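Student: Could you walk me through this structure, one question at a time? I would like to see the reasoning behind each answer.

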Amino acid sequence: MVHRNSLIFLLTFASLLVVNCGRKERSLFEEGKKWEMVGEKTKALYYYELSLRENPDYDPVLKRMGLLLAESNQSIATAIFYLEKYHKQKKDDTEVQRELFRLYLTTGYEKEALEILEEIRFQGKKETLEFFETTYLCLTRGFKQKEYLLALEKSPLAGDPYYAPWVRACETK
């Protein structure tokens, strides 16, 4: 009887510990999101970091950290680290795929960019795939620059504020 009671106590304690830890990482993440929404990125990153201390694999934080850090040229390596860690858990997140693709291309990681391109080939929309392929070719090949640029400018994605810099990057190459 005593053994059974102590087993029940241990299971209950372990369950409460897991629930409380999950709540803490989530509440820190939510606090970070609040700061991010009002433009306080440094404070947001602080709370995201605290959340990751609670759980280094908490995927919502990995994504937000990576995307926020990707905005700064000084943090690209760290952004790639967080986005890759997230991407291993969530392969079909298009937002992370496109950001990793962009970061890989701008830092010279062609092999990794091609891996993302392959993932998009099997799960993405045709227009997205064509835009990614043309961007890849435009930024990595020294010939047919005008043809690639023309194809990018005609793409329905060229007007998207996120993709517009990709077109400009091709123009300046």
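Tutor: Happy to help; the questions below go from the whole chain to single side chains.

Student: Let's start with confidence. What does the chain average in pLDDT?
Tutor: Keep in mind that this is a predicted model. Over residues 13-21 the pLDDT is below 50, and beyond near neighbours in sequence that stretch has zero contacts in the model. In the chain, 86% of the residues score at least 70, and the average pLDDT is 84.

Student: How many helices and how many strands are in the chain?
Tutor: Reading along the sequence gives the pattern α-α-α-α-α-α-α-α-α. The count for the chain is therefore nine helices and zero strands, given that helices and strands are DSSP runs.

Student: What share of the residues counts as buried?
Tutor: The cut-off to use here is a relative accessible area under 20%. The accessible surface of the chain comes to about 10,900 Å², and 57% of that belongs to carbon and sulfur atoms. Among the 173 residues, the share that counts as buried is 38%.

Student: What part of the contacts with a separation of 6 or more comes from residues 24 or more positions apart?
Tutor: A contact here requires heavy atoms within 4.5 Å. Among the chain's contacts with a separation of 6 or more, residues 24 or more positions apart account for 46%.

Student: Now for charges. How many salt bridges does a search of the whole structure find?
Tutor: Side chains of opposite charge can pair when their charged atoms come close. The cut-off is a side-chain nitrogen of Lys or Arg within 4 Å of a carboxyl oxygen of Asp or Glu. Searching the whole structure, the number of salt bridges found is 15.

Student: Which residue forms a salt bridge with Glu 99?
Tutor: Glu 99 is buried, at 7% relative accessible area. Its partner lies three residues away in helix H5 (residues 94-107), about one helical turn along, and is partly exposed at 24%. The closest N and O atoms of this pair are 2.5 Å apart, and the partner is Arg 102.

Student: How far apart are the closest N and O atoms of Lys 111 and Glu 115?
Tutor: Both residues lie in helix H6 (residues 110-123), four residues apart, which is about one turn of the helix. Lys 111 counts as exposed at 58% relative accessibility, whereas Glu 115 is partly exposed at 42%. They form a salt bridge, with the closest N and O atoms separated by 3.8 Å.

Student: Which residue does Arg 121 pair with in a salt bridge?
Tutor: Arg 121 is partly exposed, with a relative accessible area of 35%. Its partner is three residues away in helix H6, about one helical turn, and is also partly exposed, at 36%. The closest N and O atoms are 2.2 Å apart, and the partner is Glu 118.

Student: Which residues do salt bridges with shared partners join into one network?
Tutor: Here the bridges have partners in common, and the network they make consists of Lys 63, Asp 93 and Glu 95.

Student: Finally, which backbone oxygen does the side chain of Gln 89 reach?
Tutor: Gln 89 is found in helix H4 (residues 76-89) and counts as partly exposed at 38% relative accessibility. Leaving out residues up to four places away in sequence, Gln 89 touches Asp 57, Asp 59 and Leu 62. The C-alpha atoms of Gln 89 and Asp 59 are 7.5 Å apart, although their positions lie 30 residues apart along the chain. At 3.3 Å, the side chain of Gln 89 reaches the backbone oxygen of Asp 57.

Key:
Residues are numbered from 1 along each chain as its sequence is written. This is a predicted model: local features need pLDDT of at least 70, side-chain atom pairs count only at pLDDT 80 or more; totals for chains, interfaces and linings use all residues. Side-chain values use heavy atoms; hydrogens and water are left out. Helices (H or I, at least four residues) and strands (E, at least two) are DSSP runs, numbered from the N terminus. Buried means under 20% relative accessible area, exposed over 50%, partly exposed in between (1.4 Å probe, protein chains only). pLDDT is the predictor's confidence in each residue, from 0 to 100. A polar contact is a pair of N or O atoms within 3.5 Å; within protein, one must be able to donate a hydrogen and the other to accept it, and residues adjacent in sequence count only if both atoms are side-chain atoms. Accessible areas come from the Shrake-Rupley method with a 1.4 Å probe; for residues, only the protein chains shown count as cover.
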